Amino acid sequence: MKTLIANGYLIDPSQGINTGGKNLLLEKGRVAGVFNRDEPWPEDAEVFDATGLLVAPGFIDMHVHLREPGQEYKETIASGAAAAVAGGWTSICAMPNTDPVNDSPAVTRFVIEQAQRAGLANVFPIGALTKGSGGRELAEMGEMKAAGIVAVSDDGKPVGSSEMMRRAMEYATGFDLTIIDHCQEPSLSKNGVMHEGRWSLILGLKGMPAAAEEVDAVRDCVLAKLTNARVHLAHVSTRGALDAVRRAKELGLRVSCEVAPHHWTLTDEAVSDYDTNTKMSPPLRSRDHVGALLEGLRDGTVDAIATDHAPHHADEKALEFDQAPFGITGLETAVGLAFELVHQGVFDLERLVELCSTNPARIFSLADRGTLRPGAWGDVTILDPDYEWIFDVARSKSKSRNTPFSGRKMKGAAVAAIVAGRVAYLHPEFTRTTAARHQNYQPK
Ligand SMILES: [Zn+2]
């Protein structure tokens, strides 16, 4: 099967491509090549007209929670993968805090099999750092890697013991696995439900200080130097944690980090009406921290945009703020929220592709992804930077509805997600447009 993505504006930072009028040919699930639009193409190729659209290597979300096995009422691998492709993500990386925890090759294989059955996005499992993510005994990273994990993490349960983190880094390095840490020093953040600051005082809610994240971020950078491990800090939300990453990079350490869209879009003021859709961990921060995140996104300190998609059942989020679980969905809103920054001039389209595709593939060593080099997987995200739309959570592909962004006006969206050469998602409004436009394209 051959697909020609015709006349798009192609951006692929891995090859330094940033130019219009390009045809991208996919064949047998792989990239066959990039050509000028006036070059001949195979007659039997199906044509996807990308005139006026941005064509990028498939977007990779490094941080999602799919809830299967164990909590399928919140989300399944199939429903999560459907939400992913609808949001423009051709690949998602699944955190291990399921029930049971993914700390064994059996669970790793189960996740991969369920993803293959769904046949939508690629799903790359992340294995637990410690058995049951209990923080006491290292998990069998080597066996899980052989089964298909791409990184290790106890995300959701910060690693309290620095000695355990050191040993985990040394162990993971032996398997060339990246360690992802949810930085949140447990004794400082204990019982906190929102950012500690003016708003937590006003609202009478227990706060989590920025220092809790910063202490762990600094520790992890120090340990990365000691062990030379590959360390990736998840959902960085504070100025101090970003400063630690910036310093680590200056020292040449193998440290990277991601930022989640809600952390740069909202501040802790959004908690003021006790809406549990503003409760997440790490929490929404104050304006100064948001400013630091935007600076990090602009100057290259931030490597990736990741959603931390964390679906919950409506009944659970309907509890009081103190009692409700942490987390919001994010797969279908991230690209729209990232385009807000493009339109505001925080970063350009090339940086957007780097943050959502090139860098995630590099950090997790995903072979032949995050690039449109000939021979790479035919994973492509096609975007319309100017498409105006309103996010309506009632139409979400996710099983869950927990988001503070329903009703938000967006400009810029993914219109298609192509996975291994197959159209896994096509925006309903673009089906007609492309069908009509196809008439203009005749093979030479
Ligand atoms: Zn998470």
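Is Cys257 buried or exposed? At 0% relative accessibility, Cys257 counts as buried. The legends below walk through this and other close-ups of what is a predicted model.

**Figure 1. Cysteines without a disulfide partner.** Let's start with the sulfur atoms: the structure holds zero disulfides. Cys221 is in none, and the cysteine sulfur nearest to its own, that of Cys183, is 7.7 Å away. For Cys257, the closest cysteine sulfur belongs to Cys221, at 9.0 Å, which is too far for a bond. A disulfide would need the two sulfur atoms within 2.5 Å. Cys221 has 8% relative accessibility and so counts as buried, and Cys257, at 0%, is buried as well.

**Figure 2. The zinc ion and its protein donors.** Here you can look straight at the metal site. The zinc ion has as its protein donors His63 (NE2), His65 (NE2), Asp155 (OD) and Asp308 (OD), which lie 2.0 to 2.4 Å from the ion. Why is the arrangement irregular? The four donor atoms subtend angles of 83 to 173° around the zinc ion, whereas a tetrahedral label would require all angles to lie between 85 and 135 degrees. As a point of reference, the ideal angle for four tetrahedral donors is 109.5 degrees.

**Figure 3. Zinc donors along the chain.** Reading along the sequence, the donors of the zinc ion follow the spacing H-x1-H-x89-D-x152-D. His63 and Asp308 link distant parts of the chain, being 245 residues apart. His63 sits in strand β6 (residues 59-64), while Asp308 is found in the loop between β15 (304-305) and α11 (314-317). Both His63 and Asp308 are buried.

**Figure 4. Helix α12 and the residue that follows.** This view takes in helix α12, residues 334-344. Because nine of its eleven residues are buried, α12 is largely enclosed by the rest of the structure. The buried residues are Ala334, Val335, Gly336, Leu337, Ala338, Phe339, Glu340, Leu341 and Val342. After the helix comes Gly345, and its phi is positive, near 85°.

**Figure 5. A salt bridge between helices α8 and α10.** Asp299 pairs with Arg246 in a salt bridge, with 3.1 Å between the closest N and O atoms. Their partnership links distant parts of the chain: Asp299 belongs to helix α10 (residues 287-299) and Arg246 to helix α8 (residues 239-250), 53 residues apart. Asp299 is partly exposed at 39% relative accessibility, and Arg246 is also partly exposed, with a relative accessible area of 24%.

**Figure 6. A salt bridge within helix α10.** Stay with α10 for this close-up, in which Arg298 and Glu295 form a salt bridge, their closest N and O atoms being 3.5 Å apart. Because the two residues are three apart in helix α10, about one helical turn separates Arg298 from Glu295. In an α-helix, residues three or four places apart point the same way, because there are 3.6 residues a turn. Arg298 is partly exposed at 45% relative accessibility, and Glu295 is partly exposed too, at 36%.

**Figure 7. A further pair and a charged network.** How many salt bridges does the count come to? The count is 22 salt bridges. Among them is the one where the side chains of Glu137 and Lys131 meet, at 3.0 Å from N to O. Glu137 has a relative accessible area of 47% and is partly exposed, and Lys131, at 36% relative accessibility, also counts as partly exposed. Elsewhere, a network of salt bridges links Asp181, Asp216, Arg219 and Asp220.

Key
Residues are numbered from 1 along each chain as its sequence is written. This is a predicted model: local features need pLDDT of at least 70, side-chain atom pairs count only at pLDDT 80 or more; totals for chains, interfaces and linings use all residues. Side-chain values use heavy atoms; hydrogens and water are left out. Buried means under 20% relative accessible area, exposed over 50%, partly exposed in between (1.4 Å probe, protein chains only). Donors are N, O and S atoms within 2.8 Å of the metal (3.2 Å for Na, K and Ca); water is not among the atoms, so sites may look incomplete. Four donors count as tetrahedral if all angles lie between 85 and 135 degrees; four count as square planar and six as octahedral if opposite donors are over 155 degrees apart and all others between 65 and 115; anything else is irregular. Helices (H or I, at least four residues) and strands (E, at least two) are DSSP runs, numbered from the N terminus. A salt bridge is a side-chain nitrogen of Lys or Arg within 4 Å of a carboxyl oxygen of Asp or Glu.
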